[in-house]
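Work through the following exercises with the predicted model at hand. Each task is followed by a solution in steps.

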Amino acid sequence: MRYLAARTAGCSWAIPLEAVDSVGRSGRDVRIRLKEGSSLCVDAIIGRFEAVPVPVGSVLGRFLPAWVDGLVLLGSKPAPVVNPGRPPEMLRCPETPAAEEEA
Amino acid sequence: MKNETETSRFVLVRCGEQRVLIPAPAVVRVLGTVTVTPIPGAAPEVLGLTEVEGEPLAVLDLARIVGDVSHFGASIPSIVEVRTTAGEEVLGLAVDEALRLVDVVSGNVSDPPSGVPASGVVVLEDEPALVLDVDRLAGEEG
């Protein structure tokens, strides 16, 4: 699968590229608009990666938040996969429209 | 029920003040110092993620899991990579030190304390060691 790798709060995040509608800027943040309608605000985009996700099983799943939809390596850096249907609260953009958008 | 003379092999580890026996068949490998990156919003038992031989690995704090005080930072002295038998999951357990292999006769295993994912307690050289139940790391339903 292909992922958009983002960084915010010192952590890496993998967002399934197939769920991304567009990427643009919103002030100092990068705003990732998802096809499902919500938007994520991150500090920076690291790049796009092809990676095979490792699913979260029943043991690890009980320790992880619901937004974690697997684990991947982005290059050599491990990152949680964001479930686009229920993204983490800390990535959700404040309710202001994007100032400008790029394709 | 197990035969009282049946012998099982374990990896003995030290985690803070605790000594823990991890069933050898569940151990994939023992790793040296690794650095982890945290997962925001994860339970305190999750120290973070690391990379091992081209795969992401979630690392759990064995000290917290066995009811001890957490003392690990971003750099962990040693990780025991284990595979659960129930869910076919691979997880990393942060420990201070992997000590040695130990063979334990099942008749020497006494009942575990409640509230920890252990299948028993063994006295080794006059000190107790918890026998970890890898499939119950997340509690009774895990």
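**Exercise 1. Describe the lining of the second largest pocket by residue class, and say which elements supply it.**

Step 1. Sort the lining by class: 11 residues are nonpolar, two are polar and six are charged.

Step 2. Take the total and the centre. The lining of this pocket comprises 19 residues, and those nearest its centre are V54(A), E55(B), P56(B), L57(B) and V90(B).

Step 3. Assign the residues to elements. Two or more lining residues come from each of β6 (55-61) and β9 (90-95) of chain B. The largest share, four residues, belongs to β6(B).

Step 4. Add the volume, which is about 280 Å³ for the second largest pocket.

**Exercise 2. Find the disulfides over all chains and describe their geometry and place.**

Step 1. Search the whole structure; one disulfide turns up. Its partners are C41(A) and C93(A), with an S to S distance of 2.2 Å, and the cut-off for a disulfide is 2.5 Å.

Step 2. Read the torsion about the S-S bond. It is 110°, and the link of C41(A) and C93(A) is right-handed.

Step 3. Locate both ends. C41(A) sits in strand β5 (residues 39-42) of chain A, and C93(A) in the loop between β8 (77-82) and β9 (100-102) of chain A. The two are 52 residues apart, so the pair links distant parts of the chain.

Step 4. Check the burial: C41(A) and C93(A) are both buried.

**Exercise 3. Explain why C11(A) forms no bond with the closest cysteine sulfur, and classify C11(A) and C15(B) as buried or exposed.**

Step 1. The closest cysteine sulfur to that of C11(A) belongs to C41(A) and is 16 Å away, which is too far for a bond.

Step 2. Buried means under 20% relative accessible area. C11(A) has 8% relative accessibility and therefore counts as buried. C15(B), at 0%, counts as buried too.

**Exercise 4. Work out how strand β12 of chain B is paired.**

Step 1. Start with the parallel partner. Strand β2 (residues 18-23) of chain B is joined to β12 (residues 127-132) of chain B by two bridges. In this pairing L21(B) stands opposite V131(B).

Step 2. Turn to the antiparallel partner. Strand β11 (residues 118-124) of chain B shares six bridges with β12(B). Here A118(B) is opposite L132(B).

Step 3. Inspect the connection. β11(B) and β12(B) make a hairpin with two residues between them, and E125(B) lies in the turn.

**Exercise 5. Which residues other than glycine have a positive phi in the loops of β1 to β2 in chain A and β11 to β12 in chain B?**

Step 1. Recall the background: most residues other than glycine have a negative phi.

Step 2. In chain A, the loop between β1 (2-8) and β2 (11-16) holds A9(A), whose phi is near 55°.

Step 3. In chain B, the loop between β11 and β12 holds E125(B), with a phi of about 50°. E125(B) counts as exposed, because its relative accessibility is 56%.

**Exercise 6. Summarise the fold content and dimensions of chain A.**

Step 1. Chain A has one helix and nine strands, in the order β-β-β-β-β-β-α-β-β-β from the N terminus.

Step 2. Its radius of gyration is 13 Å, close to the 13 Å from the globule rule for 103 residues, so chain A is as compact as a globular protein of that length.

Step 3. Along the principal axes, the C-alpha atoms of chain A fill a box of roughly 40 × 25 × 25 Å. Of the 103 residues in chain A, 52% are buried.

How values were computed:
Residues numbered from 1 in each chain as written. Chains lettered and ligands numbered in written order. Predicted model: local features only at pLDDT ≥ 70, side-chain atom pairs only at ≥ 80, totals over all residues. Heavy atoms only, no water. Buried < 20%, exposed > 50% of the residue type's maximum accessible area, 1.4 Å probe, protein only. Pairing = 2+ DSSP bridges. 1 Å grid on protein atoms, 1.4 Å probe; cavity = no way out; pocket = protein on both sides within 12 Å on 5 of 7 lines; lining within 4 Å. Points joined across faces, edges and corners; volume = space filled by probe spheres on them. Nonpolar A, V, L, I, M, F, W, Y, C, P; charged D, E, K, R; others polar. Rg over C-alpha atoms; globule rule 2.2 N^0.38 Å.
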